[in-house]
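Visitor: I would like a close look at one part of this model. Pick one helix, and take me through what it packs against and what lies around it.

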Amino acid sequence: MDISVGLNCPTCGGAISLPEGETTISCQYCGSALFVEGDQGVTTIAFKNKALKDAAVASTQHWWTHGLKARDLKKVGKINEAYPIYLPFWKTTTRVAGWICGYEERRHTDQKGNVRVEKIPKEVMVLQDYVFSEIACDPGDLGIRTLKNMVGETSFADFDMIPTFEATTSKDAAVTKAKGDALAKARASAHVPHVTFEKLHVFAKALTMIYYPIWVVRYSYRDRMYMDTVDGVTGQVMSGRAPGDPLFQALAVTFGAAGGGLVAAGSIIYAGASYANDVRIAGVGLVVGAVILFLAYRFFRHGSERVQGEFKEKHAGVGDLLKQAQQVSKTLEGLR
């Protein structure tokens, strides 16, 4: 198992290690059979903060150089502060067991164009454990919702030195979400397109509260403030916002509009040619051209800020788009 919880045998005092999710173990020194239960059935562990401030800052500066971020970010960006915090996460292991029956359809077309639908019966047994994680407090605008890393050294030694967020969501709500997530994944993994019978049992196998160390790094770029978070165990950037580059936005709009227009126009011309004479070609070309233009628009719309992590998407209106266009125009004029 990835996570182990250190305990002492109440009979002989020998050190024992219990894999996370297990509740029974035999002491390797005295042979006593032990049953372990946490507070209200919830095991609580904390990962040791392995990253130092310099490492967190270095990870942030390395992150600046990747992706379509502002090209001068590493030169102009300035680190204002970096500090660690502990965030609580629910980690639930849920087991799904049962059967899903149904069928899938396969279509066969003969030489005359007649279509025959064949129903293939399917009967799938489900017996699988699913791991679900969710942050147990309001993370604000940190862009962190779930816990990706489950491997690391556990210790409560840093709790007195690092600010710790308290859990504000209930374990019952976490278990309910975990069951729904496990059930959806089990149904998807069965690959039964048309279900005629289903009998699935879903039950929480283990519930753990994990306190995870995260570095918050705040920095400035051309009088604007940004932030990212660094994993205190792996040292990797977990989430963050960074300024985009107006040159990339302008190139996206230019080449997107030109490419989309050429594809659409080319398809119309080709469809009208005497050797083709097929209106469907024009339709496909128009759709492909529209998709290219839409992707260019999407990049232009979100290109002023590069985002990594689980942030809630902000829905920008037409006014916001016009402001972005004006900002890009002013920046490009400044580059001339």
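Guide: Start with the cover over helix α3. Its buried residues are covered by elements that include β6 (78-109), β7 (115-135) and β8 (194-221). Keep in mind that this is a predicted model.

The buried residues of α3 are A174, V175, A178, A182, A186 and A190. Seen down the axis of α3, these buried residues fall within an arc of 125 degrees, so they line one face of the helix.

Now the length. Helix α3 covers residues 171-190, which is 20 residues. The expected span is 1.5 Å times one less than the number of residues. For α3 that gives 28 Å, and the end C-alpha atoms are 28 Å apart, so the two agree. Just after α3 comes H191, with a positive phi of about 55 degrees.

Step back to the loop that leads in. I162 sits in the loop between β7 and α3. Its relative accessible area is 7%, and buried means under 20%, so I162 counts as buried. Leaving aside residues up to four places away in sequence, I162 touches N49, P84, I85 and Y86. P213 is 51 residues from I162 along the chain, yet their C-alpha atoms are separated by 8.4 Å.

Helix α1 makes a useful companion case. Helix α1 takes in residues 53-64, 12 in number. From first C-alpha to last, α1 reaches 17 Å, close to the expected 16 Å at 1.5 Å a residue. A56, V57, S59, T60, W63 and W64 are its buried residues. Viewed down the axis of α1, they fall within an arc of 155 degrees, so they too line one face of their helix. D54 and H62, on the other side of α1, are exposed.

What do the buried residues of α1 pack against? The partners are α2 (73-76), β6, β8, β9 (224-231), β10 (237-243) and β11 (305-308). Two of these names, β6 and β8, also appear in the cover of α3.

For contrast, finish at the surface. V287 belongs to helix α5, residues 279-302. Its relative accessibility is 52%, and exposed means over 50%, so V287 counts as exposed. V287 also joins V291, F294, L295 and Y297 in a nonpolar surface patch. Together these residues have about 470 Å² of accessible area.

Note on methods: Residues are numbered from 1 along each chain as its sequence is written. This is a predicted model: local features need pLDDT of at least 70, side-chain atom pairs count only at pLDDT 80 or more; totals for chains, interfaces and linings use all residues. Side-chain values use heavy atoms; hydrogens and water are left out. Patches are made of residues with over 30% relative accessible area and no salt bridge: like charges are joined within 9 Å, nonpolar side chains (Val, Leu, Ile, Met, Phe, Trp, Tyr) within 5 Å. Accessible areas come from the Shrake-Rupley method with a 1.4 Å probe; for residues, only the protein chains shown count as cover. A salt bridge is a side-chain nitrogen of Lys or Arg within 4 Å of a carboxyl oxygen of Asp or Glu. Helices (H or I, at least four residues) and strands (E, at least two) are DSSP runs, numbered from the N terminus. Buried means under 20% relative accessible area, exposed over 50%, partly exposed in between (1.4 Å probe, protein chains only). The arc is that of the directions from the helix axis to the C-beta atoms. Contact means heavy atoms within 4.5 Å.
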